[in-house]
Amino acid sequence: MENKTPLIKPVGYGVNIKYTTYWDRDATFTDERDAFAFYYLLSKSTEVCERNANIEIERIYLLATGDYEYETIIRLREEEDED
């Protein structure tokens, strides 16, 4: 059996945006509903639509080791070339 570090709990939700090459964190929320509300508002913004930006929400977990793990739970505009 593989020994994996257990996830403790979700501690937040990050809303990230990618205009060109790099993802940037726009906001972090403790409440999932707030993160989704911001994500949907951001997805309708003129800047995001005109620049065809990628947007995502990540669930942020605190691990038993004190490190963080990130899980993408929704993404607008999948990246064309993910390796």
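**Salt bridges and a nonpolar surface patch**

The side chains of R33 and D31 meet in a salt bridge, with 3.1 Å from N to O. This pair belongs to a predicted model, in which six salt bridges are found. The points below take up three of these pairs, R33 with D31, E58 with R25 and R59 with E32, and then turn to a nonpolar patch on the surface.

**The R33–D31 pair**
- R33 counts as exposed because its relative accessibility is 66%, above the 50% at which that class begins.
- Its partner D31, at 22% relative accessibility, counts as partly exposed, since the buried class is limited to values under 20%.

**The E58–R25 pair**
- A salt bridge also joins the side chains of E58 and R25, where the N to O distance is 2.8 Å.
- Because E58 lies in strand β3 and R25 in strand β2 (residues 23-29), the pair ties together parts of the chain that are 33 residues apart in sequence.
- E58 is classed as buried, with 13% relative accessibility, whereas R25 is partly exposed, with a relative accessible area of 37%.

**R59 and its surroundings**
- R59 is found in strand β3, which covers residues 54-63, and its side chain forms a salt bridge with that of E32 at 3.3 Å, N to O.
- This pair links distant parts of the chain, since R59 belongs to strand β3 and E32 to helix α1 (residues 32-43), and the two residues are 27 positions apart.
- The side chains of R59 and E32 also make a polar contact, given as 3.3 Å.
- R59 counts as buried because its relative accessibility is 17%, while E32, at 30%, counts as partly exposed.
- The salt bridges extend into a network in which E32, R59 and E71 are linked.
- When neighbours within four places in sequence are left aside, R59 is in contact with P10, G12, Y13, E32, E69, Y70, E71 and I73, a list that includes both E32 and E71 of the network.

**The nonpolar surface patch**
- V11, Y68 and Y70 make a nonpolar surface patch of about 290 Å².
- Of these residues, Y68 lies in strand β4, which covers residues 68-76, and counts as partly exposed because its relative accessibility is 46%.
- Y70, another member of the patch, is also among the residues in contact with R59, a residue that is itself buried, with a relative accessible area of 17%.

Note on methods: Residues numbered from 1 in each chain as written. Predicted model: local features only at pLDDT ≥ 70, side-chain atom pairs only at ≥ 80, totals over all residues. Heavy atoms only, no water. Patch = residues over 30% accessible without salt bridge, like charges linked within 9 Å, V, L, I, M, F, W, Y side chains within 5 Å. Areas by Shrake-Rupley, 256 points an atom, 1.4 Å probe, with all protein chains shown as cover. Salt bridge = Lys/Arg side-chain N within 4 Å of Asp/Glu carboxyl O. Helix = DSSP H or I, 4+ residues; strand = E, 2+ residues; numbered from the N terminus. Buried < 20%, exposed > 50% of the residue type's maximum accessible area, 1.4 Å probe, protein only. Polar contact = N/O pair within 3.5 Å; in protein donor to acceptor, adjacent residues only side chain to side chain. Contact = heavy atoms within 4.5 Å.
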